Amino acid sequence: MPDAKELLPKEEYENVGRMLLELINACPYTPRDLAGGIKYQSMSTERCIGVITLPGAKYVSRNVLGGFTAQINFQIAYKSFPTTNQQNINAQGVVDNIMSWLEDLKNLPKLSGGIEITKITASSSFASVDEANPDKSTVYVADAVMEYESD
């Protein structure tokens, strides 16, 4: 059994990132009129959603048949330009609804190589306001952990 700090290989990390992008694209709570689109590991200068995988993806355990359980931390970020309290509430709702949808998914997709997502656990969102930028954007972010296993 590996130490819990054994990191995932780069290829697997990238596969998980692609899968997260597909999930966010399929989410009914993802705004369809995002000028900046959905970005992986980045944010646009326009209204957009960022899918950010965080360092430290790791194996949790291995089984005797060669399979494993692993987890990866990620964030969903929504950049917008609210000017009223209601717009702020709605912007935060975008992230919270996406995360709730991810947590409630029953038929999570399989990754290549027989890897199956078993659980996504998310936190509540929080705001990051950048008053220094001339655009005065607000980014709402929520952290999550995705667990998955291979057979």
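Mentor: A salt bridge is a side-chain nitrogen of Lys or Arg within 4 Å of a carboxyl oxygen of Asp or Glu, and by this rule the count comes to one. This is a predicted model, in which local features need pLDDT of at least 70, side-chain atom pairs count only at pLDDT 80 or more, and totals for chains, interfaces and linings use all residues. Residues are numbered from 1 along each chain as its sequence is written, and side-chain values use heavy atoms, with hydrogens and water left out.

Trainee: What makes D33 and R47 a salt bridge?

Mentor: The closest N and O atoms of D33 and R47 are 2.6 Å apart, which is within the 4 Å limit, so the pair qualifies. The pair links distant parts of the chain, 14 residues apart, with D33 in the loop between α1 and β1 and R47 in the loop between β1 and β2.

Trainee: Why is D33 called exposed?

Mentor: Its relative accessible area is 56%, and exposed means over 50%, buried under 20% and partly exposed in between (1.4 Å probe, protein chains only), so D33 is exposed.

Trainee: Why does Q41 count as partly exposed?

Mentor: Q41 has 37% relative accessibility, which lies between the two cut-offs, so the term is partly exposed. Q41 is placed in the loop between β1 (38-40) and β2, and its phi is near 60°, a positive value in a residue other than glycine.

Trainee: Which residues does F74 touch, not counting those up to four places away in sequence?

Mentor: With contact meaning heavy atoms within 4.5 Å, F74 touches several residues, including L20, I52, M99, L102, I120 and M146.

Note on methods
Helix = DSSP H or I, 4+ residues; strand = E, 2+ residues; numbered from the N terminus.
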